There are 2 protein chains.
Amino acid sequence: MKKADKNLLSGSTTLLVLSLLSAGDKYGYEMIAELEARSDHTFTLKEGTLYPILHTLERDGAVKSYEKEAPTGRVRKYYHITKRGLRLLDEKKEEWVEFSQTVNAILAGTTPALA
Amino acid sequence: MKKADKNLLSGSTTLLVLSLLSAGDKYGYEMIAELEARSDHTFTLKEGTLYPILHTLERDGAVKSYEKEAPTGRVRKYYHITKRGLRLLDEKKEEWVEFSQTVNAILAGTTPALA
DNA sequence: TTGACAAGCCTCGACAATCTAGGTATTATA
DNA sequence: TATAATACCTAGATTGTCGAGGCTTGTCAA
């Protein structure tokens, strides 16, 4: 199938980016490639989407960036998730779980357990 | 919790609307109330969002509308899902399943089964 | 009977998020 | 040497939702 329109992606991009970074520091270009690979081409996050998100996250103190030279000799801009970023990740994760469970419940025609 | 920001909702509204209609004809106001109830207030679809969607779906032949007098004496505009709408629902449902599974896989830090 | 409120449908402008399509610079490759 | 891949960035167009309003009909209380 492999397309999952961009609107579905909307709202979960920050969650996905933070999730990637929670596994270790990464640079932008790498995140795009990793998301694409890990999702088997379901997610093709565009550069025009990712870079502004990273800048916003940094402005908000959820990530910190630093430059580091790659073995190739090129300088890359790595991002590191902060404590605040981890908290944000938790919140977004919780939101996602509630949201997706609710959608699934509606699709199944049942009312979700009112916990 | 109860908020699940609007961006998550974006992209799944059509899916949700079609899903509601696949269970039987409904009028707009009713869909909003039903979604809100069935989701325990997680989804509060606004009129300014729903009505344009219904009009688009009708223009695309996914639903048909007809007027019917309610027991109260008021005339309501009911929507009925067409064969084309059912096909669209299937597609969107499949997209959703793939999308949500992939997000969950990324959150879990694993690569989804490349079925 | 009159006024307020709920039911029910609609639309316009603002806002937010993504994408398109460009730009720049460096390194690898043919 | 030229082209492609790597790596970062941004301005403008597009798209979807929302807020805020308008309009009509029915209900209910004062």
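How far from a phosphate oxygen of DNA strand C does a polar side-chain atom of B:Tyr51 lie? The separation is 3.2 Å. The model is a predicted one, in which local features need pLDDT of at least 70 and side-chain atom pairs count only at pLDDT 80 or more, while totals for chains, interfaces and linings use all residues. Side-chain values use heavy atoms, with hydrogens and water left out; residues are numbered from 1 along each chain as its sequence is written, and chains are lettered from A and ligands numbered from 1 in the order of writing.

Chain A contains five helices and three strands. Both kinds of element are DSSP runs numbered from the N terminus (helices: H or I, at least four residues; strands: E, at least two). Along the sequence, the pattern of chain A reads α-α-β-α-α-β-β-α. Taken along the principal axes, the C-alpha atoms of chain A fill a box of roughly 55 × 35 × 20 Å.

The two protein chains were compared by superposition. Chain B falls on chain A after a rotation of 179° with 0.0 Å of shift along the axis, at an RMSD of 0.1 Å. The fit is by least squares on the C-alpha atoms of residues with pLDDT of at least 70 in both copies. The two copies are thus related as by a two-fold rotation axis. The contact surface was examined next. Of the interface residues of chain B, 98% are also interface residues in chain A, so the copies meet through the same surface.

In this interface, 40 residues of chain B are in contact with 39 residues of chain A. Contact here means heavy atoms within 4.5 Å. The size of an interface is often given as the accessible area lost when the parts come together. Chain B and chain A bury about 3,600 Å² between them. This is the accessible area (1.4 Å probe) that the two parts lose on being put together, summed over both. Carbon and sulfur atoms carry 65% of the buried area. Zero salt bridges are found across the interface of chain B and chain A, a salt bridge being a side-chain nitrogen of Lys or Arg within 4 Å of a carboxyl oxygen of Asp or Glu. Six residue pairs across this interface are in polar contact, both residues at pLDDT 80 or more. A polar contact is a pair of N or O atoms within 3.5 Å; within protein, one must be able to donate a hydrogen and the other to accept it, and residues adjacent in sequence count only if both atoms are side-chain atoms.

On the side of chain B that touches chain A, α1 (6–9), α2 (13–21), α3 and α5 (83–108) of chain B each supply at least two residues. The most comes from α5(B), with 14 residues. By class, this side of chain B has 17 nonpolar, 13 polar and 10 charged residues. Ala, Val, Leu, Ile, Met, Phe, Trp, Tyr, Cys and Pro count as nonpolar, Asp, Glu, Lys and Arg as charged, and the others, Gly among them, as polar.

DNA strand C has 23 residues around it. A residue is near a strand if one of its heavy atoms lies within 4 Å of it. Coming nearest to DNA strand C are A:Thr13, A:Thr49, A:Arg74, B:Arg76 and B:Lys77. Sugar and phosphate make up 67% of the atoms of DNA strand C that come within 4 Å of the protein. A side-chain N or O atom of B:Arg76 is 2.5 Å from a phosphate oxygen of this strand. For B:Tyr27, a polar side-chain atom lies 2.9 Å from a phosphate oxygen of DNA strand C. The largest share of the surface near DNA strand C, four residues, is from α4(B).

Around DNA strand D there are 24 residues, of which A:Arg74, A:Arg76, A:Lys77, B:Thr13 and B:Arg74 come nearest. A polar side-chain atom of A:Arg76 lies 2.5 Å from a phosphate oxygen of DNA strand D. For A:Tyr27, the corresponding value is 2.9 Å. With five residues, α4(A) gives the most to the surface near DNA strand D.
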